[in-house]
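Here is a friendly walk through one protein model, from its overall make-up down to a few single residues. Keep the structure open beside the text as you read.

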Amino acid sequence: MNRYTALLVPTIITVLTACTQSSLVQEQQTNDTQLGIAWVDSAAEYDALTLQVYQNATRQLDELIADAHMSALPGQENVAELPTAVILDVDETSLSNVDFQLHSKGNFSHEAFDYWQLNNPARRIVGAPEFIQAAREKGVTVFFITNRPCHERDFAAGPCPQKAITLKNLADAGIKTEKEHLMLVDEKPEWTREKRFRQELVARDYRVIMLFGDDLGDFLPCVRAKPVAPCPASTADDRTAMTLEYSDYWGVRWHILPNPMHGSWSSFISQ
């Protein structure tokens, strides 16, 4: 073995080892995701958790309605005279798309998702319809802010067929709502995947007393590994710091549901 070969062999071994480790990590992540999908699909514990979230929120409605100066949106002021509202995410919060996850086997595309949702009934999240009904009976307006994006589709009419699809999905799950109370990504140019702008639009006319979601981005802005206008990229440490900064909001004004299948959290696994 000459000296060049002697230098090259360790390098090759290092590269092969790194590739093997990367492959094992990716395989483990895929297995973990499939296990998460199976858990959401079949575990009674998942239903227990969603029921726990919505029953606890229902018990808190009267107190939060009565506290005229309280808001679930940090920075919302002068709210005493405003009517009350709650804001919910759609997927994995108001509706479950676990059936699509089982069908797609991890091969997600927005077009395939839209086609599935158009042609299949939505699965309800246990506890969600009952909470929404209870809130409405107390005079609280319910808004849905989702990151389902507006895009033209060959198999559905209009420039934003996802709006009608989502309204039908909600109705299928026992949650009827008006189109004015459903806000999608790209429905207007400034409606990006960062939800805070749409939340603040609701807050112009309503005192927002609760937020519901399955992702940190349903509650806090700028939590993604990649920048989304107007936010820079976030880090795992940033997310932890923001979560703890608002520790008194969780379980009272903010209600988060479990989602081991997908979300902004998954982009931080390999970091």
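Helices here are DSSP runs of H or I with at least four residues, strands are runs of E with at least two, and both are numbered from the N terminus. Counted that way, the protein chain of this predicted model has eight helices and seven strands.

## The chain as a whole

Let us begin with the totals. The protein chain holds 271 residues, and 43% of them are buried. Its exposed surface comes to about 14,300 Å², with carbon and sulfur atoms supplying 55% of that area. How do the contacts spread along the sequence? Taking contacts between residues at least 6 apart in sequence, 75% join residues at least 24 apart.

## The five-stranded sheet

A good place to look next is the open sheet of five strands, which has the order 5-4-1-6-7 with parallel pairing. Which strands stand at its edges? They are strand 5 (182-185) and strand 7 (254-256); each has a single partner strand, so one side of each is left without a neighbour in the sheet. On average, and with direction ignored, neighbouring strands of this sheet are turned by 20° against each other.

Strand 1 (84-88) pairs with strand 4 on one hand and with strand 6 on the other. The table sets out three of the pairings, each with one example of bridge partners.

| Strand pair | Sense | Bridges | Example partners |
|---|---|---|---|
| strand 1 and strand 6 | parallel | five | A85 and V208 |
| strand 1 and strand 4 | parallel | four | V86 and V142 |
| strand 6 and strand 7 | parallel | three | L211 and W254 |

Is strand 1 mostly covered or mostly open? It is mostly covered, since five of its five residues are buried. You can check this on both faces: T84, V86 and L88 lie on one side, A85 and I87 lie on the other, and all are buried.

## Helices against the sheet and against each other

Two helices that lie across the sheet strands are worth tracing. Helix 5 lies across strand 1, strand 4 (141-149) and strand 6, and runs at about 140° to strand 4. Helix 7 (residues 196-203) lies across strand 1, strand 4, strand 5 and strand 6, and its angle to strand 4 is about 160°.

Helix 5 (residues 128-137) also packs with helix 2 (residues 44-66), at an angle of about 10° and with the axes 9 Å apart. Angles under 35 degrees count as roughly parallel, so helix 2 is roughly parallel to helix 5. Which residues meet there? Helix 2 brings Y54, A57, T58 and L61, and helix 5 brings A128, F131, A134 and A135. By class, this contact has seven nonpolar residues, one polar residue and no charged residues.

## Backbone details in the loops

Some backbone values in the loops also deserve a look. Most residues other than glycine have a negative phi, and most peptide bonds are trans. Against that background, three places stand out.

The first topic is phi. D186 is not a glycine, yet has a positive phi of about 65°. D186 sits in the loop between strand 5 and helix 7, and is partly exposed, with a relative accessible area of 40%. C222, likewise a residue other than glycine, has a positive phi near 60°. C222 belongs to the loop between strand 6 and helix 8, and its relative accessible area of 24% makes it partly exposed.

The next topic is the peptide bond. Where is the cis peptide bond? It joins A229 and P230, with omega about 5°. P230 is found in the loop between strand 6 and helix 8 (236-245).

## A link across the sequence

Finally, turn to helix 1 (residues 3-42), where Q34 is placed. Q34 is partly exposed, with a relative accessible area of 32%. How far is Q34 from M261 in sequence and in space? The two are 227 residues apart in sequence, while their C-alpha atoms are 7.5 Å apart in space. Setting aside neighbours within four places in sequence, Q34 is in contact with K105 and G106.

Key
Residues are numbered from 1 along each chain as its sequence is written. This is a predicted model: local features need pLDDT of at least 70, side-chain atom pairs count only at pLDDT 80 or more; totals for chains, interfaces and linings use all residues. Side-chain values use heavy atoms; hydrogens and water are left out. Buried means under 20% relative accessible area, exposed over 50%, partly exposed in between (1.4 Å probe, protein chains only). Contact means heavy atoms within 4.5 Å. Accessible areas come from the Shrake-Rupley method with a 1.4 Å probe; for residues, only the protein chains shown count as cover. Axes are lines fitted to C-alpha atoms, for helices over the stretch in contact, and angles run from 0 to 180 degrees between N-to-C directions. Angles under 35 degrees count as roughly parallel, over 145 as roughly antiparallel, 65 to 115 as roughly perpendicular and the rest as oblique. Ala, Val, Leu, Ile, Met, Phe, Trp, Tyr, Cys and Pro count as nonpolar, Asp, Glu, Lys and Arg as charged, and the others, Gly among them, as polar. Two strands pair if DSSP finds at least two bridges between them.
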